[in-house]
Amino acid sequence: MSQLPATHHTNLIAKFGEASRLLFNNLVLFSAIILTVWLPGNLLINYLAYYVYSEDEVVDLMRSTMWIEGIFGPIYIGAMVHVLWKLKTGEYVSYSEAIGVGFRNWGRLFAARLVAGLIVTLGFIVFVIPGIVLQVRYALLDSAVVLEGAGAHRAAVRSTELTVGRRWQIFFAAILFFVPYLFLSFAIYFPVDLYPQLDTMATSVVMDCILDIVYAIIQIVMFLFYWEAVANETSSTGPAPGGTSMV
């Protein structure tokens, strides 16, 4: 990664602006896609938190969350990538079409994310910085799988290629998102600390679902990096980036 030029800050802010508009202008569709996985997921996690695990079993709860994301996450992520591609090309897309794409791409996306996740984890074990570098290089992997039909190895290579010259932007985009996202997470749960009667499973499920929808902003930003990278490598008269998409 090389240092982020000052001229790229405007481009980064513009991506967050566009990501927010895409999300909130299509809030019902994106919410339906995300909650297909995370409504039952949050119900299960909060049931475990309230009725199964004790307060000292936080690690077990986090592990359950990671299992849900790892196994079922590719369904909604694949659907979101397809919707974003359709929106950027000015086409209409329905929930059923999008979620169908998510299911059809589940196997390849699951495998690609699993392999990349293992490599990134090894990077973090060896030393933190290699793990961060690898995570940035694989930031566009989801789009490569869904829109280009890439397998696990090819998707990792493709994402590494597309992130060249954008890695500092991707890194700072993550920081720019996660810092306020953490504050939002604390703020949304603050009333529960003030009013213990709000500390119910139903309240926690609702708040977790809201946070899952807001989290889509950074996922959309990563898609926009993919869109920009592919657009820059194709001529204005050439085929669309997802022209050979296996959806």
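The following questions and answers concern salt bridges and one lysine in a predicted model.

Trainee: How are residues numbered, and which pLDDT limits apply to this predicted model?
Mentor: Numbering runs from 1 along each chain as its sequence is written, and side-chain values use heavy atoms, with hydrogens and water left out. In this predicted model, totals for chains, interfaces and linings use all residues, while local features need pLDDT of at least 70 and side-chain atom pairs count only at pLDDT 80 or more.

Trainee: How many salt bridges does the count come to?
Mentor: Side chains of opposite charge can pair when their charged atoms come close. The rule asks for a side-chain nitrogen of Lys or Arg within 4 Å of a carboxyl oxygen of Asp or Glu. By this rule the count is 11.

Trainee: Which parts does the pair of Arg 158 and Glu 148 tie together?
Mentor: These two side chains form a salt bridge, with the closest N and O atoms 2.8 Å apart. Helices are DSSP runs (H or I, at least four residues), numbered from the N terminus. Arg 158 and Glu 148 sit in separate helices, so the pair joins parts 10 residues apart in sequence: helix α8 (residues 152-162) and helix α7 (residues 141-148).

Trainee: Is Arg 158 buried or exposed?
Mentor: Buried means under 20% relative accessible area, exposed over 50%, and partly exposed in between (1.4 Å probe, protein chains only). Its partner Glu 148 has 22% and counts as partly exposed. Arg 158 has 10% relative accessibility, and therefore counts as buried.

Trainee: Which residues are linked with Glu 161 in a network of salt bridges?
Mentor: Glu 161 pairs with Arg 154 at 3.7 Å, N to O, and with Arg 158, also at 3.7 Å between the closest N and O atoms. Glu 161 and Arg 158 lie 3 residues apart in helix α8, about one turn of the helix. The network links Glu 161 with Glu 148, Arg 154, Arg 158 and Glu 233.

Trainee: Which residues does Lys 15 touch, not counting residues up to four places away in sequence?
Mentor: Lys 15 is in helix α1 (residues 8-25) and is buried, at 5% relative accessible area. Contact means heavy atoms within 4.5 Å. With residues up to four places away in sequence left out, Lys 15 touches Val 221, Leu 224, Phe 225 and Glu 228.

Terms used:
Helices (H or I, at least four residues) and strands (E, at least two) are DSSP runs, numbered from the N terminus.
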